[in-house]
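Here's a structure to walk through at an easy pace. Keep the viewer open and turn things around as you read.

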Amino acid sequence: MSCAERSSLGLALVLVLLSACGGGGEGRSPGTGTDPDANVLPLSVNGDACGGAGGYLNQPCVRVTVCAPGTDDCRTIDRVLLDTGSFGLRLFRQPLEGLALEQLPAPGGGALASCTRFADLSADWGPVQLADVVLGGEPAVRVPIQVIDATFGPPPGSCPEPETSPEEAGFNGILGVGVFREECGAPCAAIADNGLYFACDGGTCEGTAVPEEDQVQNPVAHLPGDNNGVVVELPAVGAAGAPSVEGRVLLGIGTRPNNAVEGATALPLDRRTATFTTTLEGRALPGSFLDTGSNGLFFPAPEARPIPACPAPVSHWYCPDGFVALTAINTGFGGGPSEDVSFEVGDFRALVGSGNRVLPGLAGGAIVGSGFDWGLPFFLGRRVAVGLDGARSALGEGPYVAW
Amino acid sequence: MWELRRALGAALVLTLAAPPARAALGEREESVGRDRRALAAVARGTDERGGYRVHELEKGATTIREFVSADGVVFAVTWSGITHPDLRPLLGAFHDEYRAAARAHRAEGRRARRVAGERVVVESWGHPRDLHGRAYVPALLPSGVTVDELR
């Protein structure tokens, strides 16, 4: 075991490691508090942190280290999807094999489990367990995570066909660093029949209310210092795309020199849905959001400038002749401020045919009324701050997005 | 206490093993009540919208709307809330068709999705805490009703 590997271990060993490895300095030195870049989480799109083949187009990956609470038994897991559209850490059981995380009890007895649903109607199901989570070189934080495990329970009928393996999903887990501190919030604390949280006992799982602090937690909110949000930083990519790119997630907003946000404009978000309004060619699309976890831009084409969909079976992508240039206006919830965003939509078949895996022109249709899903292409060539609900920074109080 | 929980668990299993409630989508208006019971949802009233009627149900923190034509057939279902509802009782006879179409075209990534079977269309969008969807049978849409007004 090298010093670099050992320095990725949990908080418990930090003092030992400091003496054994001379303080680390590898960019992953949990708990030292002296490294000015301890808040940096390397981010790849189809690159290094994605750990090789098997992923999909425009897939942003980070590495996350999780340890059994209070021990030095840890796993560093790559190909964890960075997702500004969800809240909390969820990891498949398979890469955690043999790691003794601590099962959280449901408030009324039994084991607490969670069913997380996504826009595509897919589901992640599994027990909620305590883990020591290490992000970049930050100190470990002890938070409830979801262990994705379709064999647990069994899952209730309302959690249909949950994902079974990293191979099926295309990733080992999801790091949800969106604007909320926990997976569900007040509705799941108040309502037993919330559809997300279940108490599992004796082979059946029934809905349960769960206090917000026992819900799956966004680990960023628990960091000792850099806890008011994140800044996602990715390089610009030409219209033809690139095989992969490397960027950074900076933990905290304006908490250190490396995550300063001078000159950015903050758009406040709806505190219930984390959305703002996009206006495209005169049509207002409320319910719009920035989402690294979506691998394209998804929006209804303007009525005056229809964009052809691709032929089946990829009709969920746009296939214009060449590139279509558009400009949208994003407006904060409540009426302001507004920011123009220019973007280009490419022909899916030509883009994919190039062999490149990072494609800024990847876009597809959406129904009127669904809002504009500003997926990964939006983040290329930008520094985007995602401000946590109720937390302050130089940009104001969250929830907001800023760039 | 534990015995009581087991007994309740056994009762739940028996309930689930009973024949499923008949479908809402494509069924008569009376099936809305069966859906409500199958989902353990709360009725929130009805809304007359020129040419069709909308039944609103509340399930946890998710709102479900069932659209009924003038001749009393459920032609669409929409939902909105912190999570997706159980689609089996809502799609009923169309659920298998939807599942088969969804499996045939598994899309990568996490984003909005449109699944079209031979008769039924299921669309879903949003992100965790703010999820939405609608299911409809194009052949059952009353004339003059556009898909965009199904909210």
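The tour below starts with chain B, moves to where the chains touch, and ends inside chain A.

One thing before we set off: what you're looking at is a predicted model. So let's begin with chain B. It has 4 helices and 7 strands, and if you trace it from the N terminus the elements come in the order α-α-β-β-β-β-α-α-β-β-β. Of its 151 residues, 43% count as buried. Among the contacts in chain B with a separation of 6 or more, 44% are between residues 24 or more positions apart.

Now for the sheet in chain B. How are its strands ordered? Going across, you meet them as 1-2-3-4-7-6-5, in an open sheet of 7 strands with antiparallel pairing. Strand 1 (42-49) and strand 5 (113-116) of chain B sit at the edges, each pairing on one side only. On average, neighbouring strands of this sheet are turned by 15° against each other, ignoring direction. As a reminder, strands of a sheet pair through backbone hydrogen bonds, either parallel or antiparallel.

Zoom in on strand 2 (residues 52-59) of chain B. It runs antiparallel to strand 3 (residues 62-69) of chain B, and 8 bridges join the two. If you want a landmark, find L57(B), whose bridge partner in strand 3 is I64(B). The two strands make a hairpin with 2 residues between them, and in the turn G60(B) has a positive phi of about 60°.

Carry on from strand 3 of chain B and you get to strand 4 (residues 74-81) of chain B, again antiparallel, with 7 bridges joining the pair. Here T62(B) has G81(B) as its bridge partner in strand 4. This hairpin has 4 residues between the strands, and G72(B) takes a positive phi near 85°. Over in strands 6 (residues 121-127) and 7 (residues 130-136) of chain B, you'll find another antiparallel pair, joined by 7 bridges. Look there for E123(B), which stands opposite R134(B) in strand 7 of chain B.

What packs on this sheet? Helix 2 (residues 31-39) of chain B does, touching strand 1, strand 2, strand 3 and strand 4 of chain B, and its direction makes about 10° with that of strand 2. The buried residues of this helix are S31(B), V32(B), D35(B), R36(B) and L39(B). Look down the axis of helix 2 of chain B and those buried residues fall within an arc of 150°, so they line one face of the helix. The spacing fits a general rule: an α-helix has 3.6 residues a turn, so residues three or four places apart point the same way. Covering the buried residues of helix 2 of chain B are, among others, strands 1, 2, 3 and 4 and helix 3 (87-91) of chain B. Just after helix 2, A40(B) takes a positive phi of about 50°.

Next, the place where the two chains meet. Chain A puts 45 residues into the contact and chain B puts in 34 residues. On the chain A side, that comes to 17 nonpolar, 21 polar and 7 charged residues.

Now step into chain A and its nonpolar residues. The largest nonpolar core has 124 residues, and V62(A), V133(A), A385(A) and A402(A) touch the most other members. Strand 7 (residues 123-134) of chain A gives the largest share of this core, 6 residues. What surrounds V133(A)? Leaving aside neighbours within four places in sequence, V133(A) is in contact with V64(A), V66(A), L89(A), A140(A), V141(A), V143(A), I145(A) and P219(A). Apart from this core lies another, of 26 residues, among them I64(B), V74(B), A76(B) and L150(B).

Strand 22 (residues 383-387) of chain A is a good next stop. Of its 5 residues 4 are buried, so it is largely enclosed by the rest of the structure. Strand 12 (residues 229-233) of chain A runs antiparallel to strand 22 of chain A and is joined to it by 5 bridges, with V232(A) standing opposite V384(A). Strand 22 of chain A also pairs with strand 25 (residues 400-402) of chain A, in the antiparallel sense over 3 bridges. In that pair, A385(A) stands opposite A402(A).

Last stop: an open sheet of 7 strands in chain A, with mixed pairing and the order 19-18-15-16-21-17-20. Its edge strands are strand 19 (338-345) and strand 20 (363-364) of chain A. Strand 17 (residues 297-298) of chain A runs parallel to strand 20 of chain A, joined by 2 bridges, and L297(A) has A363(A) as its bridge partner.

Terms used. Residues are numbered from 1 along each chain as its sequence is written. Chains are lettered from A and ligands numbered from 1 in the order in which they are written. This is a predicted model: local features need pLDDT of at least 70, side-chain atom pairs count only at pLDDT 80 or more; totals for chains, interfaces and linings use all residues. A residue is buried if 20 or more other C-beta atoms lie within 10 Å of its own, exposed if 12 or fewer, and partly exposed in between; C-beta atoms are placed from the backbone. Two residues are in contact if their C-beta atoms, placed from the backbone, lie within 7 Å. Ala, Val, Leu, Ile, Met, Phe, Trp, Tyr, Cys and Pro count as nonpolar, Asp, Glu, Lys and Arg as charged, and the others, Gly among them, as polar. A nonpolar core is a set of buried Ala, Val, Leu, Ile, Met, Phe, Trp, Tyr and Cys residues joined through C-beta atoms within 7 Å. Two strands pair if DSSP finds at least two bridges between them. Axes are lines fitted to C-alpha atoms, for helices over the stretch in contact, and angles run from 0 to 180 degrees between N-to-C directions. The arc is that of the directions from the helix axis to the C-beta atoms.
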